[in-house]
Amino acid sequence: MKILQKIKTENFELSEAEIIELLRLDTQSNSFYELLAASNALSRRKFGHNGYVFTQIGINAEPCSVNCKFCSMGASHFSMDSRWEKSPEEICEMLTALQQEYFDDFFLMTTADYPQEKIIRTGKTVRPLLRSDQKLVANIGDFGIETARKLKEAGFTGAYHINRLGEGIDTEATPEERQETLQAIKEAGLELYYCIEPIGPEHTYEELAEEILRARELQVDVMAAMRRVAVKGTPLYERGQITPAELTKIVAVTNLTVKPSRAMNVHEPMQVAMLAGVNQLYAEIGANPRDTASHTEKSRGFSPAVAWDMLKDFGYQPNHNFK
């Protein structure tokens, strides 16, 4: 394939047609492994041996009116084993305990209905507990430029936000709302964390290419690809999930197209995808939309130490000494 030769050169840029062509590669073919090698080589050139673990606390386990059909907290199909909201004091205790291990960026995640003034106040409370080099990131519902500026004033350095696959069909948010929030994040000077997700077996390569190109246009520095987890009790459970090899292929194509400057992630963490040049993983505690256990650290969630073990197995190291 000419395209496989192209991605081995410097300063290449993939067209939409080329992205789709790479996504169509058979995961049992030799070309698949050439693709992984090219993506890994790009990561090694850009990232060296720098690895990252980001840690996220899901601070409320409550029904959400956006009703994402893949989420265990959708109001119409709430599937978690309990309902709760963490107080600022509890969040500070959880963060203090987490700080016994080394991690980089710190995320606070809420359902879309969670009051935004409350997350802003919580951000102000937890910011002093973070190291000066740790970034504070919001993973919340849609918002406008005024809230984006307030988040920045409160000490947030960035926000995780995406136009999800199936937006407006598998969710009750609209693509327009999601994209307006993306622009507010950029306009306020917050760092945007982006992901191609939640990828299911029914999503076409054309749909994936559209979102991959959106991320490139947004000039994302921290990029990711995530498969949809088949969560029992959710409407999309019966559709199943893509294989680790398929997700690894998508990670590679995403990395080669977007060329993030700081980090490439796969979620949830899996060893095979590390071969595509992944240098960043997530540790999660509290509520997790891919879990029915409301404290995911007792179930699906990785700890920072376990995430670091996986990164180190592939030659990635923390950026700072930690004692």
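Here is a short tour of this predicted model, from the whole protein down to one residue, Arg262.

**Stop 1: the whole chain.** Show everything as a cartoon and you'll be looking at 10 helices and 11 strands. Turn on the C-alpha trace and rotate it: along its principal axes it spans about 55 × 45 × 40 Å. The radius of gyration is 19 Å, which agrees with the value near 20 Å that a compact globule of 323 residues would have.

**Stop 2: inside and outside.** Now switch to a surface view. The protein exposes about 13200 Å², and carbon and sulfur atoms supply 48% of that. Buried residues make up 58% of the 323 residues. Try colouring by charge as well: there are 36 positive and 46 negative side chains, with the centres of the two sets 4 Å apart.

**Stop 3: Arg262.** Go back to the cartoon and select residues 244–258, which form helix H9, and then 263–267, which form strand E10. Arg262 sits in the loop between them. Is Arg262 buried or exposed? Its relative accessible area is 15%, so Arg262 counts as buried, the cut-off being under 20%.

**Stop 4: the neighbours.** Leaving out residues up to four places away in sequence, Arg262 touches ten you can pick out one by one: Phe47, Tyr52, Phe54, Asp105, Lys135, Glu191, Tyr193, Asp221, Val222 and Asn279. Zoom in on Glu191, whose side chain makes a polar contact with the side chain of Arg262 at 3.3 Å.

**Last stop: Asn50.** Select Asn50 together with Arg262. They're 212 residues apart along the chain, yet their C-alpha atoms are separated by 8.9 Å.

Terms used:
Residues numbered from 1 in each chain as written. Predicted model: local features only at pLDDT ≥ 70, side-chain atom pairs only at ≥ 80, totals over all residues. Heavy atoms only, no water. Helix = DSSP H or I, 4+ residues; strand = E, 2+ residues; numbered from the N terminus. Rg over C-alpha atoms; globule rule 2.2 N^0.38 Å. Buried < 20%, exposed > 50% of the residue type's maximum accessible area, 1.4 Å probe, protein only. Areas by Shrake-Rupley, 256 points an atom, 1.4 Å probe, with all protein chains shown as cover. Lys, Arg positive; Asp, Glu negative; His and termini not counted. Charge placed at Lys NZ, Arg CZ, Asp CG, Glu CD. Contact = heavy atoms within 4.5 Å. Polar contact = N/O pair within 3.5 Å; in protein donor to acceptor, adjacent residues only side chain to side chain.
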